[in-house]
Amino acid sequence: MNYQLRDYQSDLFDRINAAWFAGSRSILAQLPTGGGKTICFSHIVHQASKNGSKCLILAHREELIKQAADKVEIITNDPVGIIKAGYPSNYDRDIQVASVQSLTRRLNYCPEFDLIVVDEAHHSTSTSYRTILDRFPNARVLGVTATPIRLDGSGFRGLFDDLICGVTV
């Protein structure tokens, strides 16, 4: 199965790349639920890995980890390592999908990552996410979420340089 980007996803993809080209290191991208955030970031990971980048995708639930790993493997046609309890470690793979909880305990085993994708990025203000992001200060970061807002009012200052909004519902 081949996943082609829809027009609105392609537009988001292009605007993310333009922001990185313009000098942003860390971008928060918003797309509604069902808009194809996983497909979009899988294409971005594919582009980065073709250029020799080591990529990390962070998620906080098993179904998101499996979904990301499955889509990325289909789009990149490369095997993906999964860093999560109950899965064999393959740290030599250029693309890793990790449970935030497991990765915080295994940071010393990981290679340097050039790109980090944070799925459900509205969770990224927590200490565990910040510990991971701080460990890779030179990596480009892409956070994706349907809801770029924090109910506790903490915001994303210090985590993301830009917000790029996709289509609305």
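Helices here are DSSP runs of at least four residues, numbered from the N terminus, and helix H2 (residues 37-50) is the one that holds Ser49. Keep in mind that this is a predicted model. The tour below starts at Ser49, moves on to a sheet of seven strands, then takes in two aromatic pairs and a couple of residues with positive phi.

**Ser49 and its surroundings**

- Ser49 is buried, because its relative accessible area is 15% and the cut-off for buried is under 20%.
- Leaving aside residues up to four places away in sequence, Ser49 touches Cys55, Thr76, Asp78 and Ile95.

**The sheet**

- Seven strands make up an open sheet, and if you walk across it you meet them in the order E3-E4-E2-E5-E6-E1-E7. The pairing is parallel.
- At the edges sit E3 and strand E7 (162-165), each of which pairs on one side only.
- Neighbouring strands of this sheet are turned against each other by 20 degrees on average, direction ignored.
- For a closer look at one pairing, take strand E2 (residues 55-59) and E4: they pair in the parallel sense over five bridges. Leu58, for instance, has Ala98 in E4 as its bridge partner.
- Helix H3 (residues 62-76) packs on the sheet and touches E2, E3, E4 and E5. The direction of H3 makes about 170 degrees with that of E4.
- As background, strands of a sheet pair through backbone hydrogen bonds, and they can do so either parallel or antiparallel.

**Aromatic pairs**

- Searching the whole structure turns up two aromatic pairs.
- One of them is Tyr91 with Tyr109: the ring centres are 6.1 Å apart and the planes are at 25 degrees, so this pair is stacked.
- Tyr91 lies in the loop between strand E3 (81-83) and strand E4 (95-99), while Tyr109 lies in the loop between helix H4 (100-106) and strand E5 (115-119), so the pair ties together parts that are 18 residues apart in sequence.
- Tyr91 is partly exposed at 22% relative accessible area, whereas Tyr109 is exposed at 58%.
- Phe113 and Phe136 form an edge-to-face pair, with 5.2 Å from centre to centre and 70 degrees between the planes.
- This pair links distant parts of the chain, 23 residues apart: Phe113 is in the loop between H4 and E5, and Phe136 is in the loop between helix H5 (127-135) and strand E6 (140-145).
- Phe113 counts as buried at 3% relative accessibility, and Phe136 is buried too, with a relative accessible area of 1%.

**A charge over a ring**

- Trp20 has Arg140 lying over its face, at 4.4 Å from the ring centre.

**Positive phi values**

- Most residues other than glycine have a negative phi, which makes the next two residues worth a glance.
- Asn77 is not a glycine, yet its phi is positive, at about 60 degrees. Asn77 lies in the loop between H3 and E3 and is exposed, with a relative accessible area of 68%.
- Glu120, also a residue other than glycine, has a positive phi near 55 degrees. You will find Glu120 in the loop between E5 and H5, where it counts as partly exposed at 22% relative accessibility.

Methods:
Residues numbered from 1 in each chain as written. Predicted model: local features only at pLDDT ≥ 70, side-chain atom pairs only at ≥ 80, totals over all residues. Heavy atoms only, no water. Phe/Tyr/Trp six-rings, centres within 6.5 Å; stacked < 30°, edge-to-face > 60°. Helix = DSSP H or I, 4+ residues; strand = E, 2+ residues; numbered from the N terminus. Buried < 20%, exposed > 50% of the residue type's maximum accessible area, 1.4 Å probe, protein only. Lys NZ or Arg CZ within 6 Å of the ring centre and 35° of its normal. Pairing = 2+ DSSP bridges. Axes fitted to C-alpha atoms, helices over the stretch in contact; angles between N-to-C directions. Contact = heavy atoms within 4.5 Å.
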